[in-house]
Amino acid sequence: MHISSHFDSGNIDVIDATNIKDIKLAIKKDNNSEFYQWFHFNVHNNEHTEHVFHITNAGQAAYVEGWQDYQAVASYDREHWFRVPTNFDGQNLTITFTPEFDSTYFAYFAPYSYDRHQSLIHNAQLSDACQLQLLGHTLDGRDISVLKVGQEAEGKPVIWLTARQHPGETMAEWFMEGFIERLLDIDDGVAVSLLNTAVFYLVPNMNPDGSVRGHLRTNAAGVNLNREWDNPTMENSPEVYLVREKMLATGVDMHLDIHGDEALPYNFVAGGEGIPSYDERLAKLENAFKDILLAITPEFQDDKGYEKDEPGKANLSLGSNWVGEQFNCLAYTLEMPFKDNILLPDTEMGWSDNRSRILGKDVLTAIYHLVDDLR
Ligand code: ZN
């Protein structure tokens with residue numbers, strides 16, 4: 001048996017792989033950080049009998065509640081990811097699996113590779129409506145790219161979407177793939193109409209270094225980008241610094257920051273009720289966005305989510321809070337589950353790459369209904 005993680009977004013340490021019924025593994029920490037939870041590894045074995053994998057340091061991972069009622073994903077072809085029997089005993093995350101083929105990949109969620117990211121943004125630039133802009137480079141030297149879709153004009157709202165500040169939250173980039181695909185579809189009336197009335201800036205991956213390194217939550221320097229927005233630096237967080245500079249140049253009339261949540265088995269949004277400039281207008285816009293999305297898709301709900309910030313107590317180092325305060329605009333963090341949407345459970349797939357993509361398309365419809373009211 002051979003276990004490997006020497007590939008894009010790979011993460012696992014092999015402690016002991018001598019006994020197929022008691023394979024001991026551990027997740028590596030993000031570089032220069034205490035965070036860990038993302039795993040992604042390959043197992044090659046021509047013995048197609050039951051394998052039992054124990055991730056032995058799961059009990060100290062960043063979000064231990066994330067392992068409760070969680071099922072890992074596996075794939076033979078790296079395209080189709082299905083859930084596999086997984087159990088958490090408070091310390092070990094145990095995956096029990098009998099492979100049908102010699103080589104199997106396992107991951108925390110369907111991975112989204114850097115190569116696929118490059119294909120996504122380069123396919124997008126083939127559209128007449130889309131321009132691929134290079135903002136600068138990460139600490140590891142990767143591109144920080146933004147897609148500009150549509151043409152700026154006087155009075156046209158500027159809508160920003162950012163995703164995957166936390167690189168292990170791959171559902172955020174699957175969401176962006178669906179959103180971009182729909183926005184660039186010239187046969188889609190919602191998209192065509194939106195591009196007549198608004199201009200979009202889209203960052204499908206805010207943290208390519210963390211993504212390739214197999215991190216859960218930080219960039220190459222071990223910095224949590226979603227705690228940098230009030231004071232980013234080129235030394236620690238060029239990803240945020242450069243995107244923020246661009247936002248200051250374009251202005252922002254709406255912002256969605258796309259994430260995944262380890263623990264909660266729901267889709268939900270977290271708003272700006274705690275930012276100093278929060279007022280009735282922003283509250284009305286937030287409620288309108290939620291009501292519209294509730295009407296569009298049963299995948300969204302507004303009963304379960306994070307505790308709301310007290311007035312004036314928001315942490316302005318978070319992306320959507322900083323943007324909401326800086327530009328006095330509708331700014332939401334949107335969270336999808338790692339587990340499943342338990343309001344619409346799918347035992348084979350759980351919450352998936354494809355469901356994330358469809359939610360991205362549905363959010364475009366929500367923006368369409370709201371775009372005239374943003375200012
Ligand atoms: Zn996140």
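For this entry I took a salt bridge to be a side-chain nitrogen of Lys or Arg within 4 Å of a carboxyl oxygen of Asp or Glu, and with that rule I found 0 salt bridges across the interface of domain 1 and domain 2. I note that the model is predicted.

**Domains**

I looked up the division of the protein, which gives domain 1 as 2-107 and domain 2 as 114-373. Their centres, taken over C-alpha atoms, are separated by 29 Å, and I listed 25 residues from domain 1 and 27 residues from domain 2 in the contact.

**Interface**

I then looked up the area buried between domain 1 and domain 2, which is about 2,000 Å², with 51% of it given by carbon and sulfur atoms. On the side of domain 1 that touches domain 2, I recorded 9 nonpolar, 10 polar and 6 charged residues. Between domain 1 and domain 2 I counted 17 residue pairs in polar contact, both residues at pLDDT 80 or more.

**Zinc ion**

I turned to the zinc ion and found it coordinated by ND1 of His166, by Glu169 through two OE entries, and by ND1 of His259, at 2.1 to 2.4 Å. I wrote the sequence spacing of these donor residues as H-x2-E-x89-H. Why is the arrangement irregular? I entered it as irregular because the 4 donor atoms around the zinc ion subtend angles of 57 to 148°, whereas a tetrahedral assignment needs all angles between 85 and 135 degrees.

Notes. Residues are numbered from 1 along each chain as its sequence is written. This is a predicted model: local features need pLDDT of at least 70, side-chain atom pairs count only at pLDDT 80 or more; totals for chains, interfaces and linings use all residues. Side-chain values use heavy atoms; hydrogens and water are left out. Domain bounds come from an automatic or database domain assignment. Contact means heavy atoms within 4.5 Å. Buried area is the accessible area (1.4 Å probe) that two parts lose on being put together, summed over both. A polar contact is a pair of N or O atoms within 3.5 Å; within protein, one must be able to donate a hydrogen and the other to accept it, and residues adjacent in sequence count only if both atoms are side-chain atoms. Ala, Val, Leu, Ile, Met, Phe, Trp, Tyr, Cys and Pro count as nonpolar, Asp, Glu, Lys and Arg as charged, and the others, Gly among them, as polar. Donors are N, O and S atoms within 2.8 Å of the metal (3.2 Å for Na, K and Ca); water is not among the atoms, so sites may look incomplete. Four donors count as tetrahedral if all angles lie between 85 and 135 degrees; four count as square planar and six as octahedral if opposite donors are over 155 degrees apart and all others between 65 and 115; anything else is irregular.
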